[in-house]
Amino acid sequence: MTPTNDELFARAQAAIPGGVNSPVRAFRSVGGTPRFLVSARGPHVTDAEGREYVDLVAGWGPAILGHAHPEVIAAVQDAAARGLSFGASTPVETELAELIEQRVAPVEKLRLVSTGTEATMSAIRLARGFTGRDLLVKFAGHYHGHSDGLLAEAGSGLATFALPGSAGVPAEIAALTLVVPYNDLAALRGVFAEHGDRIAAVITEAAAANMGVVPPAPGFNRALVELAHAHGALVISDEVLTGFRVSSAGWWGLEAQTDDASTPDLLTFGKVVGGGMPVAALGGRAEIMERLAPLGPVYQAGTLSGNPVAVTAGVTTLRLADAAVYAKLDEVSAVLQRAVSDALAAEGVAHVVQRAGNLFSFMFGDAVAGGVHDYAGVLAQEAWRYPPFFHAMLDAGVSLPPSVFEAWFVTAAHDDAAVSRIVDALPAAARAAASARPLA
Ligand SMILES: Cc1ncc(COP(=O)(O)O)c(C=O)c1O
Ligand SMILES: N[C@H](C=O)CCC(=O)O
């Protein structure tokens with residue numbers, strides 16, 4: 001007999017800490033049993049009980065074309081048939097690097113890694129190696145993966161579980177990261193005034209989307225580049241989530257930063273560049289990137305870096321992501337933003353739609369209804385309204401991120417039928433949010 005999600009979760013919990021291989025999957029903040037997925041196609045995922053859901057997680061971002069796009073699958077099958085991993089250079093790696101460099105002008109040289117965590121970790125080491133400085137500045141509520149120096153006041157799972165940081169990070173390492181409120185140039189100026197000659201880099205999500213969506217204030221990214229450069233520090237723009245999702249040139253493309261004064265020195269990518277397989281990258285000014293081994297003294301390596309099957313998925317995805325794909329992502333995103341907002345308004349639920357390109361999320365309560373600009377604002381919301389909203393959608397066959405602190409992700413495969421199913425589910429979900437009460 002087919003095991004249920006409950007049975008699979010019980011078995012997983014016996015074998016795997018918390019039953020999950022990444023904490024946000026555990027449904028801890030929304031309650032209930034995670035769905036164990038067995039397949040995904042187009043805008044849908046299917047669980048082990050055979051139930052199909054319209055998906056608004058999209059593998060946490062990569063699936064811009066929808067799941068299991070036939071051309072991506074065919075290319076991956078073809079690559080796999082020629083060998084899974086060579087531990088040597090392949091032509092397709094250069095193809096992916098060239099594709100990214102053609103689309104994102106500040107990327108003159110690029111190195112492939114396997115996860116976003118590796119990309120940001122290596123970018124930080126490179127920034128330290130290049131500048132000879134030790135301090136790193138990050139913004140509260142931003143998430144850059146789970147390396148030691150980046151977990152202070154981080155978003156994603158740490159926001160979901162209200163963790164200020166992680167055990168196991170030595171105090172000496174944590175002390176090298178200075179955390180500043182997002183969109184607060186005065187605070188950033190203060191940190192540079194005090195520590196300017198020790199700061200190697202500022203790392204920022206190009207547009208924050210791991211505390212829910214919180215876009216940079218107009219001019220913020222430019223001002224932070226100018227400030228950092230005035231103090232001899234680098235800027236790492238983390239586009240792991242936004243890169244090739246919000247436009248064919250990522251967030252950098254949307255802000256159309258064309259002059260040197262507003263150009264980040266290093267950029268990191270993940271998710272879409274792997275088309276659903278483990279590929280990520282760091283890239284930037286050649287002069288900096290060439291400090292990486294074997295050319296320079298900054299060591300960085302990986303057995304699976306540039307894996308030919310994974311990179312084939314990324315190259316094929318980027319090639320298929322034409323203007324029509326981005327237009328569709330924008331269109332579906334706009335329709336859903338409006339539909340959710342209307343449904344919540346109809347039930348009298350105070351809320352705000354937070355958006356950055358086609359990324360969006362909702363925050364609840366009068367305290368946030370005017371818009372949220374930083375992590376303190378995010379924490380002021382009535383987060384307790386989300387679990388009943390989430391479960392009403394799930395019951396109606398719509399899979400949302402299992403945390404109010406995550407973005408919603410659409411795909412170009414969200415056709416009218418998928419969108420209608422989401423829209424039809426909204427009135428009951430909005431009623432559930434309206435009747436929610438804070439946990440005692
Ligand atoms: C902006 C950002 N940076 C870095 C990461 C880390 O990527 P990964 O989960 O692939 O390690 C993520 C997502 O997890 C992310 O959203
Ligand atoms: N917010 C994270 C990535 O963007 C969610 C993915 C994870 O850490 O499991």
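This briefing walks through two ligand sites, one sheet and a handful of individual residues.

The model is predicted: local features need pLDDT of at least 70, side-chain atom pairs count only at pLDDT 80 or more, and totals for chains, interfaces and linings use all residues. Residues are numbered from 1 along each chain as its sequence is written, chains are lettered from A and ligands numbered from 1 in the order in which they are written, and side-chain values use heavy atoms, with hydrogens and water left out. Two residues to keep in mind are N210 and K271, which appear in the list around ligand 1 and again in the list around ligand 2.

**Ligand 1**

- Around ligand 1 (a residue counts as near if one of its heavy atoms lies within 4 Å) you will find T115, G116, T117, Y143, H144, G145, E205, N210, D238, V240, L241 and K271.
- By class, this shell holds three nonpolar, six polar and three charged residues; here Ala, Val, Leu, Ile, Met, Phe, Trp, Tyr, Cys and Pro count as nonpolar, Asp, Glu, Lys and Arg as charged, and the others, Gly among them, as polar.
- Polar contacts are pairs of N or O atoms within 3.5 Å; within protein, one must be able to donate a hydrogen and the other to accept it, and residues adjacent in sequence count only if both atoms are side-chain atoms.
- One such contact uses the backbone: an N or O atom of G116 lies 2.9 Å from an oxygen atom of ligand 1.
- Side chains take part too, with a polar atom of T117 lying 2.6 Å from an oxygen atom of ligand 1, and a side-chain N or O atom of N210 lying 2.9 Å from an oxygen atom of the ligand.
- On its own, ligand 1 has 380 Å² of accessible area, and the protein covers 81% of that; accessible areas come from the Shrake-Rupley method with a 1.4 Å probe, and for residues only the protein chains shown count as cover.

**Ligand 2**

- The residues around ligand 2 are S22, V24, W60, S156, N210, L241, K271 and E406.
- Sorted by class, they come to three nonpolar, three polar and two charged residues.
- The side chain of S22 places an N or O atom 2.6 Å from an oxygen atom of ligand 2.
- A nitrogen atom of ligand 2 is 2.6 Å from a side-chain N or O atom of N210, and a polar side-chain atom of E406 lies 2.7 Å from a nitrogen atom of the ligand.
- Taken alone, ligand 2 exposes 280 Å², of which the protein buries 86%.

**K271**

- An unreviewed UniProt entry annotates K271 as "modified residue: N6-(pyridoxal phosphate)lysine"; UniProt positions are given in the numbering used here, feature names are shortened, and annotations may be inferred rather than shown by experiment.
- K271 sits in the loop between β9 (266-269) and β10 (280-284); helices (H or I, at least four residues) and strands (E, at least two) are DSSP runs, numbered from the N terminus.
- With a relative accessible area of 25%, K271 is partly exposed, where buried means under 20%, exposed over 50% and partly exposed in between (1.4 Å probe, protein chains only).

**A four-stranded sheet**

- Four strands in the order β1-β2-β3-β13 make an open sheet with mixed pairing; two strands pair if DSSP finds at least two bridges between them.
- Its edge strands, each pairing on one side only, are β1 (37-41) and β13 (398-399).
- Strands β2 (residues 44-47) and β3 (residues 52-55) pair in the antiparallel sense over three bridges, and H44 stands opposite V54 in β3.

**Backbone points to check**

- Most residues other than glycine have a negative phi, and most peptide bonds are trans.
- A58 is not a glycine, yet its phi is positive, near 55°; A58 is in the loop between β3 and α2 (70-81) and is buried, at 1% relative accessible area.
- E153 also has a positive phi, of about 45°, and lies in the loop between β5 (135-139) and α5 (157-160); E153 is partly exposed at 38% relative accessibility.
- The peptide bond from A293 to P294 is cis, with omega near 15°, and P294 lies in the loop between α10 (286-289) and α11 (308-320).
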